[in-house]
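Please open the predicted model and follow the strands, helices and pockets in turn.

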Amino acid sequence: MLRAEGLGKTVALPSGQLVILDDVSLEVQRGEAVAVVGASGSGKSTMLALLAGLDTPSTGSVWLDGQPISRLDEDGRARVRAARVGFVFQSFQLLPSLSAVENVMLPLELAGHRQPEPEARQLLVRVGLGDRLHHYPRQLSGGEQQRVALARAFASKPALLFADEPTGNLDTETGRQVADLLFELNRQQGTTLVLVTHDERLAARCGRQIRLASGRLA
């Protein structure tokens, strides 16, 4: 489902080149759940951005479901993401002007679904928010916002889900509930999961762990 070869990322600073990621190669099989772990500043989020086509590498290549996304322009990468990829972020990334159901409807509308609302409602019921359909993000708790984000991420039935610290802004109990939902939805839909986390307990729930240290595979 996902392959990277010789992946590297450097940025220019007045003092010289800063190496964020250095010569990373890996494969993620279809249906696998993989955690990317490491200390803060180890390059985890940068690697996720490169694997997802949100950023371009300085060196190396990425293939996502057979597509060489690192060689595509931004429009090409966006098309691949829209068709194959879902995202869950630490900061939820909900649109504040849209209600919960409208946030979940959005990827379905962009994909051309003619009647997105019934499916969006059903997903929100599945994540325990059937009574919050018309609440706006500012009216929801952090845990509820992340549940909306989960429903939105799975709405388009992605082949591959990237989750970047999905419980990082939540208290322990709420984070556990959100993680339970994440793995349950992932199992039900047979999605390939790449999970970036500093939480060793969350990482242990994945089938495999990839550890980064100072931008390199440890």
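## The mixed sheet

A35 of strand β3 has Q209 as its bridge partner in β8. The two strands, β3 (residues 33–37) and β8 (residues 208–213), run parallel and are joined by four bridges. They belong to an open sheet of six strands. The order is β5-β6-β7-β3-β8-β9, and the pairing is mixed. Strands of a sheet pair through backbone hydrogen bonds, either parallel or antiparallel.

Which strands stand at the edges? They are β5 and β9 (216–217). Each has a single partner strand, so one side of each is left without a neighbour in the sheet.

Two helices lie across strands of this sheet. Helix α5 lies across β5 and β6 (160–164) and runs at about 170° to β5. Helix α6 lies across β6 and β7 (192–196), at about 155° to β7.

## The antiparallel sheet

Three strands form another open sheet, in the order β2-β1-β4. Here the pairing is antiparallel. Strands β2 and β4 stand at the edges, each with a single partner strand, so one side of each is left without a neighbour in the sheet. From one strand to the next, the twist averages 25°.

Strand β1 (residues 2–13) pairs with β2 (residues 16–28) over nine bridges, in the antiparallel sense. A hairpin of two residues joins β1 to β2. On the other pairing, five bridges join β1 to β4 (residues 59–64), again antiparallel.

R3 shows both pairings. R3 stands opposite E27 in β2. In β4, the bridge partner of R3 is W63. E5 also has a bridge partner in β4, namely S61. In a regular strand the side chains alternate between the two faces of the sheet.

## Helix α1

Which strands does α1 lie across? They are β1, β2 and β4, and the helix runs at about 120° to β1.

Helix α1 (residues 44–51) is mostly covered, with six of its eight residues buried. The buried residues are K44, M47, L48, A49, L50 and L51. An α-helix has 3.6 residues a turn, so residues three or four places apart point the same way. After α1 comes G53, which has a positive phi, near 75°.

## Two pockets

Rolling a probe the size of a water molecule over the atoms shows where empty space is left. The table sets out the two pockets.

| Pocket | Volume | Lining residues | Classes in the lining |
|---|---|---|---|
| Largest | about 450 Å³ | 16 residues | eleven nonpolar, three polar, two charged |
| Second largest | about 270 Å³ | 15 residues | three nonpolar, six polar, six charged |

Start with the largest pocket, which holds about 450 Å³ of space. The lining residues closest to its centre are V85, F87, P107, L110 and R152. Four elements each give two or more residues to this lining: α2 (74–84), β5 (85–89), α3 (100–110) and α5 (142–155). Which element gives the most? Strand β5 does, with four residues. This is the β5 that stands at an edge of the six-strand sheet, and α5 lies across it.

Now take the second largest pocket. T172, G175, R176, D199 and R201 lie nearest its centre. Helices α6 and α7 (200–203) each supply at least two residues of the lining. The largest share, four residues, comes from α6.

## G175 in helix α6

One of the residues nearest the centre of the second largest pocket is G175. G175 sits in helix α6 (residues 172–189). Is G175 buried or exposed? G175 is buried, because its relative accessible area is 6%, and the cut-off for buried is under 20%.

What does G175 contact, leaving aside neighbours within four places in sequence? The contacts are T167 and L170. L106 is a distant reference point: G175 and L106 are 69 residues apart in sequence, and their C-alpha atoms are 25 Å apart in space.

Definitions and conventions. Residues numbered from 1 in each chain as written. Predicted model: local features only at pLDDT ≥ 70, side-chain atom pairs only at ≥ 80, totals over all residues. Heavy atoms only, no water. Buried < 20%, exposed > 50% of the residue type's maximum accessible area, 1.4 Å probe, protein only. Contact = heavy atoms within 4.5 Å. 1 Å grid on protein atoms, 1.4 Å probe; cavity = no way out; pocket = protein on both sides within 12 Å on 5 of 7 lines; lining within 4 Å. Points joined across faces, edges and corners; volume = space filled by probe spheres on them. Nonpolar A, V, L, I, M, F, W, Y, C, P; charged D, E, K, R; others polar. Pairing = 2+ DSSP bridges. Axes fitted to C-alpha atoms, helices over the stretch in contact; angles between N-to-C directions.
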